[in-house]
Amino acid sequence: MTAVSSTDHIRTRAEDALARCGVELTAVKGDSLSARTPITGQELFGLRAGTPADVDRAVEAAHAAFLVWRTVPAPVRGALVKRFGELLTEHKESLADLVTVEAGKIRSEALGEVQEMIDICDFAVGLSRQLYGRTMPSERPGHRLMETWHPLGVVGVISAFNFPVAVWAWNTAVALVCGDTVVWKPSELTPLTALACTALLDRAIADTGAPAGLSQVVLGTADSGTRLVDSPLVPLVSATGSTRMGRAVGPRVAARFGRTILELGGNNAAVLTPSADLDLAVNAVVFAAAGTAGQRCTTLRRLIVHADVADAVVERLVAAYQRLPIGDPFPETTLVGPLVNAEAQARMRESLDRAVEEGGILCTGGERQLTEEAPDAGYVRPAIVRMPAQTAVVREETFAPILYVLTYRDLDEAIRLNNEVPQGLSAGIFTGDQGEAERFMAADGADCGIVNVNIGTSGAEIGGAFGGEKETGGGRESGSDAWRSYMRRATNTVNYSGRVALAQGVDFSQ
Ligand code: UN1
């Protein structure tokens, strides 16, 4: 275990990184929002929170920019995103520093998160020449039937603390090439990373001569988020966070016939079969369950192991868990950083107590760590609990490193357990049997938006569409054809025959 950096040291590191990214801290300082670090649990700076009136101004500016941006050819829009990707590459270390400072991510994961931003920029630049519409054969002679994809408007992005920059970048890079503009309401827990990303994007906007106002950020609390959600000038709200937040956002946007992309809770499971390569599976499970201190929406929370191998698997997992280096996320030897705050640690404790009440056996972990060195922080040892059944606590998402282990006898039972939770983000199966793998991915297999074979549930690549079913919200972001949600489709019928011919054989001749 390593000593924990002092808050003063972390503050200096944050100031340096912000300055390198072009943020003028004095301009945003105030006393209505607190920038804190989970590394010590203490305050770094007081900032000025945006008000609902600031949201209105940001939306109006983004809308004005949209009216210009939508007429800029898509490949030219791609040039802005290309420049932004270059700036992200140049400032990768500084941004990763800020991600570690604010979200407590270990070094390689913080760098990995910035890499996701760079990757989505590359993807979006290519996409800017591939916003394809289809042509369909018309049923009428001398007619052409086709579709055109047009920019949609201002996209409101509400992001969570655990991926403070990548999820915004997935939305923003794609939205910008689609001809949209963006207003961002980041998590209250991660304002500094948001300021840094915005400063870099503003620089890319200036460098490429794109309209100022394309990208807006409003730091603030739930009030600002609500204002953004209710704004009639925002046709699409892309929100990442808890299912509770999604239940508030979804109906409000629907009431004004806006669109949403909701990325809500996950309660992801992996099935571990007797034919699995155990070394591979154990390695993958440890990262998926304990990595990022259990704070990914894709974190593995339930392991469904075949009864014949359950004892051996749990024994190996417990041994691996007990070796995990927990502590200050900056040194490269640390694998598990802090939870985002002490409240998250208390919620983990509560869930573990409930699990034991519901018949669970705590195999390892759950103890608070570094209480002397960082009394205000939320360091914990990741926990493994064997459960007799999928009880109430197992069906909930606790945003902390708790892995519930369940056993099964036949694959149908494993699939049933996988699907018998309200959430549907990500699932995995570890198997050497192709038939089992195919069954798990089939229509009557796992009911999630992401279904993996011999890979854990987390760490998806940006090239695929990201999102999940049921209470996860149904939205898709990032790669594949997720871009379509950021555009409006026009179906065009063109008559070049020189006479009127009605569809469906209707005759209206006079
Ligand atoms: C999230 O936790 O909100 O698949 C996003 C992953 C990452 C993204 C997670 N690429 O784990």
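This note goes through a predicted model in numbered points, from its domains to two chosen residues.

1. Domains. The domain assignment splits the chain into domain 1 (50-264 + 473-490) and domain 2 (268-461). Taken over C-alpha atoms, the centres of domain 1 and domain 2 are separated by 31 Å.

2. Where the domains touch. Contacts link 11 residues of domain 1 with 12 residues of domain 2. On the domain 1 side, α5 (92-103) and α6 (107-127) are the elements that give two or more residues. That side of domain 1 is made up of 4 nonpolar, 3 polar and 4 charged residues.

3. The annotated region. An unreviewed UniProt entry lists "domain: Aldehyde dehydrogenase" for residues 32-489. Over residues 32-489, helix accounts for 40% of the chain and strand for 20%. The C-alpha atoms at the two ends of this stretch are 42 Å apart.

4. The ligand. Which residues are around the ligand? They are Glu116, Asn162, Phe163, Val167, Thr240, Arg296, Cys297, Thr298, Ser458, Gly459 and Ala460. By class, this shell has 4 nonpolar, 5 polar and 2 charged residues. The ligand lies between domain 1 (50-264 + 473-490) and domain 2 (268-461), because both domains give residues to the shell.

5. Glu263. The feature "active site" is placed at Glu263 by UniProt, in an unreviewed entry. In the model, Glu263 belongs to strand β9, which covers residues 259-263. Is Glu263 buried or exposed? Glu263 counts as buried because it has 31 C-beta neighbours inside 10 Å, and the cut-off for a buried residue is 20 or more.

6. Contacts of Glu263. Leaving aside neighbours within four places in sequence, Glu263 is in contact with Thr240, Cys297, Gly467, Gly473, Gly475 and Glu477. Among these, Thr240 and Cys297 also appear in the list of residues around the ligand.

7. Val81. The second residue, Val81, sits in helix α4, which runs over residues 74-90. Val81 is buried, since 29 other C-beta atoms lie within 10 Å. Outside its neighbours within four places in sequence, Val81 is in contact with Cys121, Ala124, Val125, Ala173, Leu176 and Val177. Cys121, Ala124 and Val125 fall within the range of α6 (107-127).

8. Sequence and space. How many residues apart in sequence are Val81 and Gly126? The separation is 45 residues along the chain, while their C-alpha atoms are 10 Å apart in space.

Key
Residues are numbered from 1 along each chain as its sequence is written. This is a predicted model: local features need pLDDT of at least 70, side-chain atom pairs count only at pLDDT 80 or more; totals for chains, interfaces and linings use all residues. UniProt positions are given in the numbering used here, feature names are shortened, and annotations may be inferred rather than shown by experiment. Helices (H or I, at least four residues) and strands (E, at least two) are DSSP runs, numbered from the N terminus. A residue is buried if 20 or more other C-beta atoms lie within 10 Å of its own, exposed if 12 or fewer, and partly exposed in between; C-beta atoms are placed from the backbone. Two residues are in contact if their C-beta atoms, placed from the backbone, lie within 7 Å. A residue is near a molecule or strand if its C-beta atom, placed from the backbone, lies within 6 Å of it. Ala, Val, Leu, Ile, Met, Phe, Trp, Tyr, Cys and Pro count as nonpolar, Asp, Glu, Lys and Arg as charged, and the others, Gly among them, as polar. Domain bounds come from an automatic or database domain assignment.
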